[in-house]
Amino acid sequence: MAFTNDNNEALTPLAAGSRVFRWHDHLSLWFSLGVGLLVMQIGAYLVPAVGTRDAVLAIVLGSCIGAGLLAWTARVGCESGLASAGLMHATYGSAFARLPVLLNIVQLIGWTTFELVIMREGTQAIGKQAFGWSLDGVLGGLFTTLLWGAVLLALLAGSMVKLVRRFVSRFGLPLVVLSLLWLTWQFAGQLHAKGWESFWSRPGSGGMGLFSALDLVIAMPVSWLPLVADYARHGKRSTGGLGSAFSGTWLGYALANISCYGLGVMVVSAAEPGSNLVTALLLAQGGLVALGLILIDELDNAYGDVYSGSVSAHSLKPRWSVKRWGIALAVLCIAFALVLPMHTLEPFLLLLSSVFVPLYGVILGRLGTGEAPTSTGTRRVDLVAALIWIAGIAVYHACARWTPQLGSALPTLVFTFVLAWLTRQATAGGPSALAQSRG
């Protein structure tokens with residue numbers, strides 16, 4: 001039996017009655033997803049490489065640019081009601097879109113595995129520092145991984161919409177904000193005692209240029225690009241202007257990204273040389289409670305990755321429901337977290353950027369400058385869009401190799417966006433062909 005889009009939740013626009021997210025929901029969700037120990041660790045990595053001033057500049061600019069891309073994509077997802085897989089189908093055609101959808105599933109499995117490892121190691125550090133428990137062995141690692149995995153499976157058995165509106169918006173957001181403010185205050189006090197001038201004027205080792213640092217900062221929000229429409233499609237449509245999905249997503253993620261990157265910069269500058277970031281956080285006054293809350297919030301990231309991965313997987317095999325796919329992917333990630341070494345973060349992030357920056361440069365060039373599509377269309381392959389994407393990947397790696405001082409993300413984004421925008425009327429998949437009656 002052949003399935004039509006009516007059988008496929010990921011490729012069918014969400015009905016107006018199912019769109020319940022308001023501005024506060026978008027902001028809460030993306031602030032929560034933007035907070036994480038991984039982000040703090042990258043912030044801590046930037047300072048020794050480029051120095052404090054350039055690190056702060058890269059963090060603010062990169063966060064605003066990256067969050068702006070997320071917000072732009074969120075607006076397209078909200079106006080169309082389509083999931084990320086649906087936007088890929090509308091841009092690249094139903095056959096070719098399977099490739100980026102599959103790549104998205106692979107990267108989400110990787111991210112979820114990362115999150116489980118981070119939660120495991122954070123739990124081990126808390127257990128050792130606060131209670132003297134030794135959870136570093138094989139049995140300890142197995143226990144903590146399965147513990148967080150069980151909580152993740154329990155969340156996946158429920159409703160994503162209810163989780164965001166009843167827990168993240170009402171309880172999770174205030175607790176995480178208070179934790180970040182408390183830790184920032186603590187480390188600001190330590191830096192004040194050491195002298196702000198020495199902190200601000202700290203030079204870098206020269207291991208990375210400003211634009212390379214900017215690429216690394218942008219890589220984090222870019223990694224969320226293939227997920228954002230899966231949540232934004234649940235937002236209420238705006239009657240004018242940019243809409244709540246746009247402003248809520250941008251503000252929420254930008255604030256979270258700047259806060260976590262900045263906290264990482266402060267921790268590595270205040271702590272003793274060679275200190276582990278988690279250990280340094282625990283040693284701060286009240287750090288145990290604050291880190292525990294951030295660790296719980298890390299679970300939102302793992303949930304967000306698995307949920308979006310399940311929506312994408314459902315688009316490929318709609319016989320399995322989104323919930324069934326979510327359980328299956330979570331079990332796979334738990335197994336990977338038990339056996340795979342997961343500490344090669346920077347190459348992983350930059351590799352993702354090389355794929356998803358041009359991918360969404362094309363999507364935004366085709367769908368982000370006019371009427372949002374209300375269907376995924378019937379084309380099997382949009383050859384022009386596919387070629388622009390592939391060329392964009394080549395441009396990204398060429399920039400990284402031959403002009404690293406200029407960065408890769410922004411030149412690639414501009415290149416693919418402009419080409420996609422210029423060719424949008426030349427193919428059957430342009431906005432004029434996809435736009436239908438908006439009801």
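Start with the whole protein chain shown as a surface: its accessible surface comes to about 17700 Å², and 68% of that area belongs to carbon and sulfur atoms. Keep in mind throughout that this is a predicted model. Switching to a cartoon view shows a chain with 18 helices and 0 strands. Of its 439 residues, 56% count as buried. If you draw the contacts with a separation of 6 or more, 89% of them in the protein chain come from residues 24 or more positions apart.

**The nonpolar core**

Next, select Trp30, Leu37, Met40, Tyr92, Leu180, Phe187 and Leu281, which are the residues with the most contacts inside the largest nonpolar core, a set of 132 residues. In soluble globular proteins, nonpolar side chains tend to be buried together. Centre the view on Leu180 and display what surrounds it: not counting residues up to four places away in sequence, Leu180 touches Phe31, Val35, Met40, Ser259, Cys260, Leu263 and Ile294.

**Helix α2**

Two of those core residues, Leu37 and Met40, lead to the next selection, since both are among the buried residues of α2. Select residues 37-50 to pick out this helix, which has 14 residues and reaches 20 Å from its first C-alpha to its last, close to the 20 Å expected at 1.5 Å a residue. Because 11 of its 14 residues are buried, α2 is largely enclosed by the rest of the structure. Besides Leu37 and Met40, the buried residues of α2 include Leu38, Val39, Ile42, Gly43 and Ala44, as well as Leu46, Val47, Ala49 and Val50. Just after α2 comes Gly51, whose phi is positive, near 90 degrees.

**Aromatic pairs**

Now colour the rings of Phe, Tyr and Trp; the count comes to 13 aromatic pairs. One of them joins Trp111 and Phe114 in a tilted arrangement, with 5.8 Å centre to centre and 45 degrees between the planes. Both residues lie in helix α5 (residues 98-131), where Trp111 and Phe114 are 3 residues apart, about one turn of the helix. An α-helix has 3.6 residues a turn, so residues three or four places apart point the same way. Trp111 and Phe114 are also both buried. For a second aromatic stop, select Trp30 again together with Trp224, Tyr231, Tyr253, Tyr303 and Tyr307, which ring pairs link into a cluster.

**Helix α9 and its surroundings**

Move on to helix α9 by selecting residues 210-222: the helix has 13 residues and reaches 18 Å from its first C-alpha to its last, close to the 18 Å expected at 1.5 Å a residue. This helix is mostly covered, with 10 of its 13 residues buried. Among the buried positions are Ala213, Leu214, Asp215, Leu216 and Val217, and the list continues with Ile218, Ala219, Met220, Pro221 and Val222. From here, add Ser212 and Ala400 to the selection, which are 188 residues apart in sequence and 8.5 Å apart in space, C-alpha to C-alpha. Ala400 is found in helix α16 (residues 383-402), and at 41% relative accessibility Ala400 counts as partly exposed.

**Leu227 and Phe336**

Select Leu227 in helix α10 (residues 225-232); this residue is buried, with a relative accessible area of 0%. Leaving aside neighbours within four places in sequence, Leu227 is in contact with Ser84, Asn104, Gln107, Leu108, Gly304, Asp305 and Ser308. A distance drawn between the C-alpha atoms of Leu227 and Val311, which are 84 residues apart along the chain, should read 9.3 Å.

For a partly exposed position, go to Phe336, whose relative accessible area is 30% and which is found in helix α14 (residues 322-339). Leaving aside neighbours within four places in sequence, Phe336 is in contact with Ile109 and Thr113. The C-alpha atoms of Phe336 and Ile109 are separated by 8.9 Å, although the two residues are 227 residues apart along the chain.

**Cysteines**

Finish with the cysteines. A disulfide is a covalent bond between the sulfur atoms of two cysteines. A search of the whole structure finds 0 disulfides. Cys64 is partly exposed, with a relative accessible area of 33%, whereas Cys399 is buried, with a relative accessible area of 13%.

Definitions and conventions. Residues are numbered from 1 along each chain as its sequence is written. This is a predicted model: local features need pLDDT of at least 70, side-chain atom pairs count only at pLDDT 80 or more; totals for chains, interfaces and linings use all residues. Side-chain values use heavy atoms; hydrogens and water are left out. Rings of Phe, Tyr and Trp (its six-membered ring) pair if their centres lie within 6.5 Å; planes under 30 degrees apart count as stacked, over 60 as edge-to-face and the rest as tilted. Helices (H or I, at least four residues) and strands (E, at least two) are DSSP runs, numbered from the N terminus. Buried means under 20% relative accessible area, exposed over 50%, partly exposed in between (1.4 Å probe, protein chains only). The expected span of a helix is 1.5 Å times one less than its number of residues. Contact means heavy atoms within 4.5 Å. Accessible areas come from the Shrake-Rupley method with a 1.4 Å probe; for residues, only the protein chains shown count as cover. A nonpolar core is a set of buried Ala, Val, Leu, Ile, Met, Phe, Trp, Tyr and Cys residues joined through side-chain atoms within 4.5 Å. A disulfide is a pair of cysteine sulfur atoms within 2.5 Å.
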